[in-house]
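Student: Could we go through this structure together? I would like to see how the labels follow from the values.

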Amino acid sequence: AGLTNLVACREGTTVLELLPGDGPFNHYFLMASVLGLRHGHLIGRRHDPASDDFRVDPDQLLVLLGLAGVEIPA
């Protein structure tokens, strides 16, 4: 189901998507745009090609959260 619940979000809701580093991933961005949502994403890196697991850079995640207006405690 992924982020199909976006249809239930209020207009202006911020959605942050963490993505593996391969493939086109524009469908939730397009859905968010049509629904009037703010969308941000961070592309990670798969560490095992045989797995769906991936990692994102924690520093980049903190930057993305800051851009989304999330206050990060010190």
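Student: Why is L35 called partly exposed?

Tutor: In this predicted model, L35 has a relative accessible area of 29%. Buried means under 20% and exposed means over 50%, so L35, at 29%, falls in between and is partly exposed. You can find L35 in helix α1, residues 27-35.

Student: Which residues does L35 touch, leaving out those up to four places away in sequence?

Tutor: L35 touches L6, V7 and E11. L35 also has a C-alpha 8.5 Å from that of G12, though the two are 23 residues apart in sequence.

Student: What makes L6 part of a nonpolar core?

Tutor: Core residues are buried and joined through side-chain atoms within 4.5 Å. L6 belongs to the largest nonpolar core, together with V15, Y28, A32 and L37, so L6 counts as buried, under 20%. Beyond its neighbours within four places in sequence, L6 is in contact with residues including M31 and L35.

Student: How do you know that H39 and E17 make a polar contact?

Tutor: Their side chains are joined at 2.7 Å. The cut-off is 3.5 Å between N or O atoms, so 2.7 Å is within it. H39 lies in strand β2, residues 38-43.

Student: And why can V70 belong to a surface patch?

Tutor: Patch residues need over 30% relative accessible area. V70 has 40% and is partly exposed, so V70 passes that cut-off. V70 lies in the segment after α2, and with L62 and I72 makes a nonpolar patch of about 240 Å².

Terms used:
Residues numbered from 1 in each chain as written. Predicted model: local features only at pLDDT ≥ 70, side-chain atom pairs only at ≥ 80, totals over all residues. Heavy atoms only, no water. Buried < 20%, exposed > 50% of the residue type's maximum accessible area, 1.4 Å probe, protein only. Contact = heavy atoms within 4.5 Å. Patch = residues over 30% accessible without salt bridge, like charges linked within 9 Å, V, L, I, M, F, W, Y side chains within 5 Å. Areas by Shrake-Rupley, 256 points an atom, 1.4 Å probe, with all protein chains shown as cover. Salt bridge = Lys/Arg side-chain N within 4 Å of Asp/Glu carboxyl O. Helix = DSSP H or I, 4+ residues; strand = E, 2+ residues; numbered from the N terminus. Polar contact = N/O pair within 3.5 Å; in protein donor to acceptor, adjacent residues only side chain to side chain.
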